[in-house]
Amino acid sequence: MIEVQNLTKRFGNFTAVDGASFSVGKGAIFGFLGPNGSGKSTVIRMLCGILSPSGGKASIGGHDVVADSDQLKGTIGYMSQKFSLYDELTVTENLLFYGRLYGIKGETLRQRMDELISLTHLAPYVGRRAALLSGGWRQRLAMACCLMHKPAVLFLDEPTAGIDPVARRELWDLLFEFSSQGITLFVTTHYMDEAERCSHVGYIYLSKLIVCGEPDHLKQLPEVNPAGARRLDVTCDHVTVGLQAVRRLPGVRSATVFGQSMHLLVEQRITEQQIHEQLAKVSIQQADIRPIAPSLEDVFVTLTAEQLEGVRP
Amino acid sequence: MKLFRGYTAILLKEFTTMFRDPTTLFFMFFPPVVQIIAFGYALDNDVKHMATVLLNEDRTVESRQLVEKFANTGSFRIIGEVRSVGDLEAAIRQGKAYVGLQIPPDFTRNLRAGRNAQVQVLIDGSSSTIALQALQTSMGIAMRESLVMLGAATGQREQPVEVRPQVLYNPSMKSANFFVPGVMGLALQIATVFATALALVREREKGTLENLLVAPLSRSGLMLGKLTPYLLMSMTMATLIFLVARWVFQIPIRGDLSALFLATFLFVFALLSIGLLISTRAQNHMQALQMTMALILPSVFFSGFLFPRETMPQFFYWISTVIPATYFIELMRATMLRGATIADYWHYYVILAGMGVGVFAMAAARFRTKLS
């Protein structure tokens with residue numbers, strides 16, 4: 001559905017996106033991750049045809065984003081980071097406006113609006129001005145506005161930034177619903193749990209696309225699972241105290257706190273017994289140790305570290 | 001239609017937004033009406049009842065008669081008498097009076113003896129309109145008095161040469177008739193240019209512009225959709241202003257209403273297009289406001305609103321030819337006061353239409369459909 005080859009964007013001397021190549025299949029939920037300023041929004045803007053690439057090619061559904069930007073516009077929806085509704089217009093008026101903007105008229109327009117209102121459960125609020133909606137409902141309305149013209153691809157730039165956890169989960173349920181209708185979703189986010197829900201993820205760091213693929217596939221990358229090492233989850237009391245102790249044990253490559261437990265990357269030769277003994281030195285007698293697979297966060301942390309080593313001489 | 005794709009959507013949205021927010025409506029209608037009323041009353045160069053101080057050193061029947069004649073013109077109002085020339089000058093310097101009238105002690109004596117009888121008139125020249133009026137009126141009095149006396153001495157009853165002026169179209173020389181059509185142009189200007197100057201700026205500031213850019217919307221469609229509601233609004237406002245001019249200031253409307261409205265339509269279209277052009281460049285409210293003011297200020301001075309264009313230095317005359325208000329104000333004066341027809345002034349209509357279409361096309365062309 002989305003094909004990107006060597007896409008580059010330079011602003012003066014600054015390279016915002018450096019030779020990104022990836023593809024997203026039809027119906028996928030593509031999670032696009034990376035810190036602020038890494039180039040996520042720039043990629044989306046180029047794909048939506050409102051920013052000209054400095055180099056490389058990109059196409060959506062066979063339409064080149066530069067040459068066929070007119071045909072492209074009818075097939076994509078874009079909910080920008082600060083997607084703004086018209087505050088003084090009601091829910092219905094906002095939807096009608098976006099429908100008309102894409103040339104939808106008459107009965108079709110009404111039908112499509114009703115469809116989206118029931119899909120997003122906005123029915124109780126139809127007569128309310130957008131200014132008076134809470135964060136979660138605004139996002140729903142914004143999404144519905146972007147879907148009025150039945151786009152094949154929907155770009156969402158940080159749709160869940162700043163909304164409460166319940167609304168966030170509901171929004172994702174909605175995204176899965178869209179996906180089941182065959183819409184390809186391209187979502188940027190900061191949340192790792194959201195990334196885990198995506199069918200595919202890409203990670204951009206310092207303008208470079210570092211990795212791209214299915215989450216399960218990424219977790220099995222050799223860089224993430226170095227030969228002769230394994231990952232352990234250690235649950236115990238006084239985790240922060242325990243962490244300091246475990247870090248002093250030779251053979252422990254990395255240790256991070258993860259809520260009530262810590263995640264360790266240790267060499268094969270380290271036994272559970274050695275960890276128990278190390279913890280006992282700081283009077284932690286009880287510890288529950290079990291092997292785990294790397295999380296997406298582990299994947300990104302590992303790959304970022306590698307990238308940094310590559311950058312530094 | 002592809003050229004104006006998205007027009008209806010934008011049009012309906014702008015209309016809904018406009019009527020939803022009464023403050024916008026109020027601030028569009030209220031200032032021009034206040035402006036025209038305030039300006040219409042304040043701008044008046046009919047000088048009457050100029051404060052005058054008197055130094056009468058003669059104290060005779062003749063000298064008092066002369067003072068009477070000054071007062072009877074309606075131009076002078078005797079506010080008091082002083083005792084010396086120094087006091088006379090002081091009164092003018094202190095701003096208590098515009099004119100000082102000094103009748104010397106030998107006035108009546110000279111008059112009776114048939115000698116040249118002199119009267120001194122001191123005029124405050126710091127206000128040129130007042131000075132001119134005082135000068136002309138006092139000279140006129142002297143001239144008439146002399147003629148009457150010469151006539152009596154020679155026995156000739158009629159004035160040898162007489163000029164009989166007839167002031168056409170504004171016989172009472174009401175300056176409101178001259179100023180109000182000009183004020184109409186200026187009042188319309190501020191509200192309209194600012195309205196469209198904000199049209200895109202608001203979308204840019206709120207972040208909705210990006211949504212519009214990704215939609216299949218043509219530039220002309222967006223621009224015309226933004227312009228149309230304000231065009232209708234401004235025409236309503238213009239009608240209101242005409243009513244005020246007609247019924248509050250009693251300005252006659254001798255020409256055709258259709259000529260009046262065609263001129264207004266073309267003028268307003270040109271102004272709204274200028275606003276759109278500003279909107280394509282301004283990044284925020286502040287810039288839009290500054291640019292609007294920068295464009296409007298010259299038109300106050302160079303449109304012929306205050307000073308006749310013909311007396312301007314060549315350079316400023318050229319500036320005046322590119323200001324839409326120049327043509328509109330002239331058309332208003334011509335149509336309202338002189339009853340001029342569209343045919344009489346067809347080239348003005350063509351110029352205004354050309355400006356409107358030209359600036360509109362420029363605004364559409366300059367609007368960037370891409371971010372940078």
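User: Which residues in α7(B) do B:Met28, B:Pro32, B:Gln35, B:Ile36, B:Phe39 and B:Gly40 in α2(B) meet?

Analyst: Happy to help! This is a predicted model, where local features need pLDDT of at least 70 and side-chain atom pairs count only at pLDDT 80 or more. Residues are numbered from 1 along each chain as its sequence is written, and chains are lettered from A in the order in which they are written. With contact meaning heavy atoms within 4.5 Å, the partners in α7(B) are B:Val180, B:Val183, B:Met184, B:Ala187, B:Ile190, B:Ala191 and B:Ala195.

User: Are α2(B) and α7(B) roughly parallel or roughly antiparallel?

Analyst: Helix α2 (residues 22-42) and helix α7 (residues 175-206) of chain B have axes 9 Å apart. Their packing angle is about 155 degrees, and angles over 145 count as roughly antiparallel. So α2(B) and α7(B) are roughly antiparallel.

User: Why is helix α1 of chain A largely enclosed by the rest of the structure?

Analyst: Buried means under 20% relative accessible area (1.4 Å probe, protein chains only). Among the residues of α1(A) that meet this are A:Val43, A:Ile44 and A:Leu47. Helix α1 (residues 40-47) of chain A is largely enclosed because its buried residues number 7 of the 8.

User: How many residues of the largest nonpolar core come from α7(B)?

Analyst: A nonpolar core joins buried Ala, Val, Leu, Ile, Met, Phe, Trp, Tyr and Cys residues through side-chain atoms within 4.5 Å. The largest one has 169 residues, and A:Leu101, A:Phe155, A:Phe178 and A:Phe186 touch the most other members. Its largest share comes from α7(B), with 15 residues.

Terms used. Side-chain values use heavy atoms; hydrogens and water are left out. Buried means under 20% relative accessible area, exposed over 50%, partly exposed in between (1.4 Å probe, protein chains only). Helices (H or I, at least four residues) and strands (E, at least two) are DSSP runs, numbered from the N terminus. Axes are lines fitted to C-alpha atoms, for helices over the stretch in contact, and angles run from 0 to 180 degrees between N-to-C directions. Angles under 35 degrees count as roughly parallel, over 145 as roughly antiparallel, 65 to 115 as roughly perpendicular and the rest as oblique.
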